[in-house]
Amino acid sequence: MILGILKESGTETRVVVLPELLPDLTAQKVEVLVEKSAGAEAFAPDEAYAEAGAKVVSRKEVFEKADVLLQIQPPSGEDIGSLKESQVWISAFNPLWETGLVKTFLEKGITTFSMDSIPRTTRAQAMDILSSMATVAGYKAVLEAALRLPTFFPMFMTAAGTIRPANVLILGAGVAGLQATAIARKLGAQVYVFDVRSAVKEEVKSLGGKFVDVEGATEDKDAGGYAVEQTEEYKKKQQQAIDKQAAKSNVIICTAQIPGKKAPLLISKETVERMKAGSIIIDLAASTGGNCELTKNDETVIHQGITIIGQSNYPAMTPVDASRMFGKNVLNFLKLIIGDEGALNLDFEDEIVKGTCITHKGEIYNERVKSVIENI
Ligand code: NAD
């Protein structure tokens, strides 16, 4: 099998596989083609790929010769035009949201895997790019907030007086929210965390955060550990609790998401207006609509002295470790589809292969994506 590593475009600085992982692939008799400068922005020069056993070629040659094409970002229209039915495309293209792209893949009969659809099971943990990238995002969001805040995060007792610690409110205690809790605590802030899943209460406490309790949340055991839509009555109670806490917060980190749906709206314009001038809101849910009414995806908005940062791509600001984690997840997944002598072996009996496969020979394999497309 020939594997093609493509260069990302736009503001993306990561590369899907760093040279340090290539020996694992070549040991499995996989031939690797790398697009020229693919790793440049992640500080992985072409020479490092060549030394690790890959052949550095043009994008055109990767598309012409590779059996499996790897990239982090979704393909461009031009990429889709160059793909052949016999090829396999692997990237993270958010198929529950990007349904038009899924339909194009279907029509063209291309085999695609979306790394953000890896089942959230124990066996698949080592392939879970959502967790890896959420870890990076949670970390970086807190650092950005700390740098921009006009006050300190920790409490300081100095000869010039005592400085009170910052109050940080974290909405959503999934992977990003818990990471943000841990980092904000390490920086000395007081951290309050809110989530609709009561299961996270203990985790928040063990990281030193205080859980904001709102009774009556709807939980669904069959939602695979994810949150579900809440009742109107609960939303009202939740709004009051968040409002109260937000007014006292110097920083709010928004991470609340519901897979395949618009992110829940948790911070209204009025709530923002009750916050102290100089406060910072970082909305990691910006790409799916944001948790704050004033969020604009990929933009920074200043409203009455409050800075609202709609940033969904913190991993691209930490390109080396983010690429390292992404690549390791991809490599662990590739092991499931590389057979004897490095040949491609798609075993759809394997729940991880089937769950991650979005389209194959004109059919949708991932059940959730299938039901979303059927119900459009
Ligand atoms: P996510 O990005 O989908 O959502 C982030 C958080 O937002 C979640 O904790 C969710 O409960 C919360 N949320 C949603 N609506 C909300 C609302 N209205 N108000 C407040 N909070 C709200 O979540 P994620 O980080 O991808 O993880 C979700 C779950 O998956 C967790 O239970 C996690 O432990 C589990 N998980 C399992 C594995 C695995 O076993 N392989 C890997 C990673 C995560």
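Me: What makes the residues of the shell around the ligand nonpolar, polar or charged, and how many of each are there?
Reply: The shell divides into 10 nonpolar, nine polar and four charged residues. Here Ala, Val, Leu, Ile, Met, Phe, Trp, Tyr, Cys and Pro count as nonpolar, Asp, Glu, Lys and Arg as charged, and the others, Gly among them, as polar. The model is predicted: local features need pLDDT of at least 70, side-chain atom pairs count only at pLDDT 80 or more, and totals for chains, interfaces and linings use all residues. Residues are numbered from 1 along each chain as its sequence is written, and side-chain values use heavy atoms, with hydrogens and water left out.

Me: Which of the residues around the ligand come nearest?
Reply: Of the 23 residues around the ligand, Arg 120, Ser 131, Val 175, Asp 195 and Arg 197 come nearest. A residue is near a molecule if one of its heavy atoms lies within 4 Å of it.

Me: What makes the pair formed by Arg 197 and the ligand a polar contact?
Reply: A polar contact is a pair of N or O atoms within 3.5 Å; within protein, one must be able to donate a hydrogen and the other to accept it, and residues adjacent in sequence count only if both atoms are side-chain atoms. A polar side-chain atom of Arg 197 lies 2.7 Å from an oxygen atom of the ligand, so the pair falls within the limit.

Me: Why is Thr 112 called buried?
Reply: Buried means under 20% relative accessible area, exposed over 50%, and partly exposed in between (1.4 Å probe, protein chains only). Thr 112 has a relative accessible area of 0%, and is therefore buried. This residue is in strand β6 (residues 111-114); helices (H or I, at least four residues) and strands (E, at least two) are DSSP runs, numbered from the N terminus.

Me: Why do Glu 35 and Arg 59 count as a salt bridge?
Reply: A salt bridge is a side-chain nitrogen of Lys or Arg within 4 Å of a carboxyl oxygen of Asp or Glu. The closest N and O atoms of Glu 35 and Arg 59 are 2.6 Å apart, and the pair therefore qualifies. Glu 35 lies in strand β2 (residues 31-35) and Arg 59 in helix α3 (residues 59-65), so the pair ties together parts that are 24 residues apart in sequence.

Me: Is Glu 35 buried or exposed, and why is Arg 59 classed as it is?
Reply: Glu 35 has a relative accessible area of 10% and is therefore buried. Arg 59, at 24%, counts as partly exposed.
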